[in-house]
Amino acid sequence: MAETSGTMAASSAISSRWGRGLRRCLAHPQLWPLLTLILLLAGNGLFNPGFLALQWRDGHLYGNLIDIAHRAAPLALVSLGMTLVIALRGLDISVGAVLAIAATVAAWTIGHVSNDGLLPLWLAIAAALAAGALCGLWNGWLVVGAGMQPIVATLILMVAGRGIAQSISGGQILTLYYAPYSFLGNGFVLGLPFSLFVVAAVFALLQLALRKTALGLFVRAIGHNPQAAHLAGVRARAITLGAYVFCGIAAALAGLLVSSNVNSADANNAGLLLELDAILAVALGGSLLGGGRFSLAGSLLGALIIQALTTTIYAIGVPPQVNLAVKAVLVFAVMLLQSPLCRGQLRALLRLRAERRA
Amino acid sequence: MTPAPSAARPVVLQARGLGKRFGATLALEGVDLALRAGEVHALMGQNGAGKSTLIKLLTGVERPDRGSVELDGRVIAPSTPMEAQREGIGTVYQEVNLCPNLSVAENLYAGRYPRRRRLRMIDWRQVRDGARSLLRQLHLELDVDAPLGSYPVAIRQMVAIARALGVSARVLILDEPTSSLDEGEVRELFRVIAQLRERGMAILFVTHFLDQVYAVSDRITVLRDGCRVGEYAVADLPPAALVNAMVGRDLPTVAGVDAERAPPPDAPLAIDAQGLGCRGKLHPVDLQVRRGEMLGLGGLLGSGRTELARLLFGLDRAERGELRIGGERVELKHPADAVVRGLALCPEERKTDGIVAELSVRENIVLALQARQGWRSMPRTRQDELARQLVQALGIKAADIETPVGLLSGGNQQKVMLARWLVTEPRLLILDEPTRGIDVAAKQELMAEVARRAHAGMAVLFISAETGELTRWCDRIAVMRERRKAGELPGGSTEARVLAMIAGD
C-alpha cells in the first residue's frame with residue numbers, strides 16, 4: 001500500500017515536471033517566431049513539394065532552405081546590431097546607408113590596390129569595418145554626447161550616408177573583378193555558404209559577451225531603467241556608445257556580404273530600406289522596441305521569417321508590382337499571430353464556439 | 001475579533017470575501033471591508049499585508065479572483081481605474097500619478113474634458129472655471145494654467161484629491177497621501193479630509209504613521225498576510241494593540257540596538273567635504289562623517305539635503321570645494337567613480353532612480369557590485385549566495401530570488417535597494433529618505449541592519465524629514481536650511497532642538 005502510494009507520488013511528480021516543462025516551453029518568448037517560421041516553410045512545402053528538398057551537388061548543399069538562410073544573412077547581421085541598440089532604448093535607422101558606405105569603401109579599396117594576392121581582400125575588409133565603426137561612433141556620439149533622440153540622430157547619417165558613398169564611388173556602380181572578394185558572398189565552407197558562418201560567428205561572439213560577462217545584466221538594467229543603472233554605477237553612456245559602434249560594424253559586415261554576392265557596390269541601392277526590415281526582424285523576434293527585454297536568437301528568427309516571406313512571394317508567383325503589398329499583408333498576419341492580446345481574443349472566440357456547439 | 005461599533009451610518013462600499021493570487025503568492029484571501037458615509041476608515045498592515053492589492057481590486061487596477069464589491073448595494077466590477085472612477089470611487093495614490101507637464105486644469109479634467117455642443121471641441125473656459133471652483137472647495141488658490149510640475153508634491157496631492165472630487169466620488173481612497181508631506185502640509189491635508197467627511201464622503205485612508213491614524217480616523221481595518229485581522233473603532237484600539245494586530249507578535253524594542261552603539265570619538269574620517277558646492281543648487285558645505293558613525297541630515301523639502309547627497313555621490317559635479325574619501329582627494333564625475341571608492345546611495349525616488357522593476361531580486365541586488373567589479377561576471381552561485389544572504393538578513397519577502405522586483409511591495413523594494421548597496425560593503429552609505437512609505441516593522445528591520453553595519457565600521461549619512469527618526473538613530477545631526485548647512489547638533493538632542501534649527505530659530 002505504502003509502495004503504491006510512493007509510486008503514484010513519483011509518477012505525479014514526473015507528470016508535473018512534464019507539465020511544468022511544457023508550460024515553460026509554451027511561455028518561451030521565441031516560441032511564436034519559431035512557429036511562424038515553421039508554418040511559413042511548411043506552407044511552402046505543401047504548395048510546392050520540392051520546396052523543402054535539399055540536394056548535395058558538387059560538394060555543396062543546395063535547396064530553398066539554404067537559399068533562404070544565405071539571403072537572410074545580411075539582414076540577420078544588421079538585426080543583431082539593431083537588437084543591441086534597441087535593447088538600450090535606441091534605434092539606428094542609418095544601417096542601410098552604413099551598409100552602402102562600407103560596400104563602396106571595400107570596392108574602392110580593391111580598385112585602388114594593385115596586388116593579385118590576398119592583400120586587397122584584407123585591406124578591403126579592414127577599411128569597410130573601420131568605416132562602419134566610424135559611422136557607429138558618429139551615431140553613438142550624437143545620441144550619448146550631444147543628447148539627440150536616436151531616431152533623429154541616426155536619420156542624419158541615413159540621409160547623408162548615401163551621398164557620402166556616392167562621393168567615394170564617383171556616382172558610379174563600382175564593379176568588382178577580384179575572385180577572393182567574391183568568396184565572401186558566394187563561397188562555400190564545409191558545403192554551406194560562407195555567409196552563414198559569418199552570421200554564426202557574430203551571433204556566438206555577441207551571445208558569449210552577453211552571457212559570460214556582465215554586459216547582459218548591464219544592457220537589461222539600462223534598457224529597463226537607465227536612471228537606476230546610472231545610479232548603481234553602471235557606465236551606461238559608454239555601453240550605449242559601444243552598441244552603436246557594434247551596430248555600425250555589423251552593418252559593414254552585411255555590406256561586405258552584399259557587395260561580394262553581386263560583385264559590385266551600388267551606393268544608391270545597396271541595403272535600401274534595410275533599416276525597416278531590421279527593426280521588423282527585432283520586433284518579430286519578441287524584443288521590446290522600448291528597450292530592456294531582447295533576444296538575439298529571436299532577431300535571427302525574425303530575419304529568417306522576413307526572408308522566407310520574400311522567397312514565398314516569389315515562389316507563389318506574385319506579380320512584382322504588388323509584391324510589397326502582399327508582403328505587408330503577410331507581415332500583418334504574422335504580427336497579429338504574435339500579439340498576445342490578439343491570441344487571447346482568438347482563444348476566447350474559439351472557446352465561445354466550442355461552448356455553443358456543446 | 002473585536003465587535004465593530006454600532007453601525008449607525010449607512011454603508012456606502014461593501015467588499016465581501018475578496019481574494020487575489022499573483023503567481024505563487026496569495027496576496028489577499030477572503031477580505032471584507034465596509035466603508036461608511038461620513039467616516040474616515042484607516043487601512044493598516046505591514047508591507048505585503050495586502051493593502052495595495054485590496055486598493056487595486058477596489059479601483060479596478062486588478063480584478064479579484066474571488067469575492068464581490070458593492071457600492072450602494074449594487075454589485076460593481078470595475079475592470080479599469082476609469083470605470084471605478086465613473087462608479088464613484090476616486091483614488092489618490094502614494095506616488096501622485098498625474099502629469100506634471102500638463103497644467104493644473106488639464107490634470108483635473110484629463111480624460112473627461114467638457115465639450116462644446118458644436119464640433120465637440122474642448123470647452124477650455126469651462127475647464128478653467130471648473131478647475132478653479134474645484135480647488136476653491138479645498139481652499140486652494142492656484143494658477144490653473146501653470147504646469148502641475150511647478151508646484152510641490154503636497155499641492156499636487158491636493159490637486160489629485162480635487163480631481164477625485166471632480167468626478168463626484170462617493171468613496172475616496174487615499175493611499176499613503178502623507179508620505180512625502182511635511183508637518184504643515186499634513187495638517188492642511190487633514191483639514192481637507194475633515195471637510196470631505198462632513199460632506200458625507202466615505203474615505204479609506206492608508207498610512208504608515210500611527211499618530212495620523214489616530215488624528216483623523218473613525219474606524220480601523222487591520223490586514224495581516226493577506227487576511228483581515230479585524231475591524232475596530234478607533235477608541236477600542238490603542239496604538240500598542242494596533243501594532244500588535246498588524247505584526248501579530250511583539251516588536252523588539254528600539255533601545256537594544258541604540259545603547260550598544262557608542263559614537264566613536266576619534267575614528268578616521270570616512271568622508272570629508274570642505275566647502276563643497278554647486279552654483280544654484282548648494283552653497284558651500286563642510287561635512288565630515290567618521291567610520292562607524294551615523295550622521296543625520298535634516299531639513300525641509302528643498303533645503304538642499306538631496307542636492308548635497310547628489311554632489312557627494314558624483315551625480316552632480318561639484319563646482320567648488322574639495323572632497324576626500326578615506327583621506328584621498330577625489331573628483332567624482334560619475335556615480336561609478338563614487339561606487340569604486342566605496343560610496344553608496346539609496347535614492348529618494350525608489351521607483352524611478354532605484355529599482356529596475358523588470359529585473360529579478362537577485363539581479364537588482366548584485367547590480368552595483370557587478371558594476372564596480374567590471375565586466376567579469378560574478379559566478380551564478382556567488383550571486384545566488386549573496387542574494388539569499390541579504391534576503392534573509394533584511395527579511396525581504398519574495399517568492400524566491402528570481403521574482404521580478406516590481407512584483408514586491410514597496411517596503412520590500414526598499415529593502416532590495418538597501419541590499420544592493422550593502423553587498424558592496426560600502427565605506428559610506430547615504431540613505432535618502434529610506435523609510436518613506438514603508439511600515440513600522442520593515443522600517444525597524446531596515447534600520448536595525450543599517451545600525452548593525454555601522455557598528456561594524458560603516459559610515460552612514462541618513463537623510464530624513466522626520467526629526468523623530470534623526471534623533472532616534474543618529475550619533476550627530478546636521479541640519480540644512482535654504483541650501484546651506486544651518487548647523488550641527490550632538491546625538492541625543494531633543495526633537496524640539498532639531499525642529500528649531502530646521503525652522504531657523
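In the predicted model, helix α9 of chain A, which runs over residues 215–224, has nine of its 10 residues buried, so this helix is largely enclosed by the rest of the structure. The buried set consists of L215(A), G216(A), L217(A), F218(A), V219(A), A221(A), I222(A), G223(A) and H224(A). The cover over these residues is drawn from both chains, since it includes α3 (64–87), α8 (194–212), α10 (226–231) and α11 of chain A, together with α13 of chain B.

The contribution of chain B to this environment can be followed through Q370(B), a residue of helix α13, which comprises residues 361–373 of chain B. With a relative accessibility of 1%, Q370(B) counts as buried, the threshold for that class being under 20% relative accessible area. When neighbours within four places in sequence are left aside, the contacts of Q370(B) on the side of chain A are A214(A), L217(A) and F218(A), and two of these, L217(A) and F218(A), are listed among the buried residues of α9(A). Within chain B, Q370(B) is in contact with W375(B), R376(B), S377(B), M378(B) and Q383(B).

Another residue of chain B, L369(B), has its C-alpha atom 9.0 Å from that of E425(B), although 56 residues separate the two along the chain. E425(B) is placed in the loop that links α15 (410–422) to β17 (428–432) of chain B, and at 63% relative accessibility E425(B) is classed as exposed, whereas Q370(B) is classed as buried.

Chain A as a whole contains 15 helices and six strands, and its C-alpha atoms occupy a box of roughly 85 × 60 × 45 Å along the principal axes. Of the 358 residues in chain A, 47% are buried, and among contacts with a sequence separation of 6 or more, 76% are between residues 24 or more positions apart. The accessible surface of chain A amounts to about 17800 Å², and carbon and sulfur atoms account for 69% of that area. Chain A carries 21 positive and 9 negative side chains, with a distance of 17 Å between the centres of the two sets.

The domain assignment divides chain A into domain 1, covering residues 59–317, and domain 2, covering residues 320–358. The C-alpha centres of these two domains are separated by 31 Å, and the contacts between them involve 10 residues of domain 1 and eight residues of domain 2.

For chain B, the secondary structure comprises 18 helices and 20 strands. The radius of gyration of chain B is 24 Å, close to the 23 Å given by the globule rule for 505 residues, so chain B is as compact as a globular protein of that length. The C-alpha trace of chain B extends over about 70 × 50 × 45 Å along its principal axes, and 55% of the 505 residues are buried. Of the contacts in chain B between residues at least 6 apart in sequence, 67% are formed by residues at least 24 apart. The accessible surface of chain B is about 21400 Å², with carbon and sulfur atoms providing 48% of it. There are 68 positive and 64 negative side chains in chain B, and the centres of these two sets are 4 Å apart.

Chain B is likewise assigned two domains, namely domain 1 (12–247) and domain 2 (268–503), and the centres of these domains, taken over C-alpha atoms, are 31 Å apart.

Positive backbone phi values in residues other than glycine were found in both chains, as N263(A) and D72(B) illustrate. In chain A, N263(A) has a phi near 55 degrees and is located in the loop between α11 (236–262) and β6 (264–265); helix α11 of chain A is also part of the cover over the buried residues of α9(A). N263(A) is partly exposed, with 26% relative accessibility. In chain B, D72(B) has a phi of about 55 degrees and belongs to the loop between β4 (66–71) and β5 (74–76), where D72(B) is also partly exposed, at a relative accessible area of 46%.

Conventions:
Residues numbered from 1 in each chain as written. Chains lettered and ligands numbered in written order. Predicted model: local features only at pLDDT ≥ 70, side-chain atom pairs only at ≥ 80, totals over all residues. Heavy atoms only, no water. Helix = DSSP H or I, 4+ residues; strand = E, 2+ residues; numbered from the N terminus. Rg over C-alpha atoms; globule rule 2.2 N^0.38 Å. Buried < 20%, exposed > 50% of the residue type's maximum accessible area, 1.4 Å probe, protein only. Contact = heavy atoms within 4.5 Å. Areas by Shrake-Rupley, 256 points an atom, 1.4 Å probe, with all protein chains shown as cover. Lys, Arg positive; Asp, Glu negative; His and termini not counted. Charge placed at Lys NZ, Arg CZ, Asp CG, Glu CD. Domains from an automatic or database assignment.
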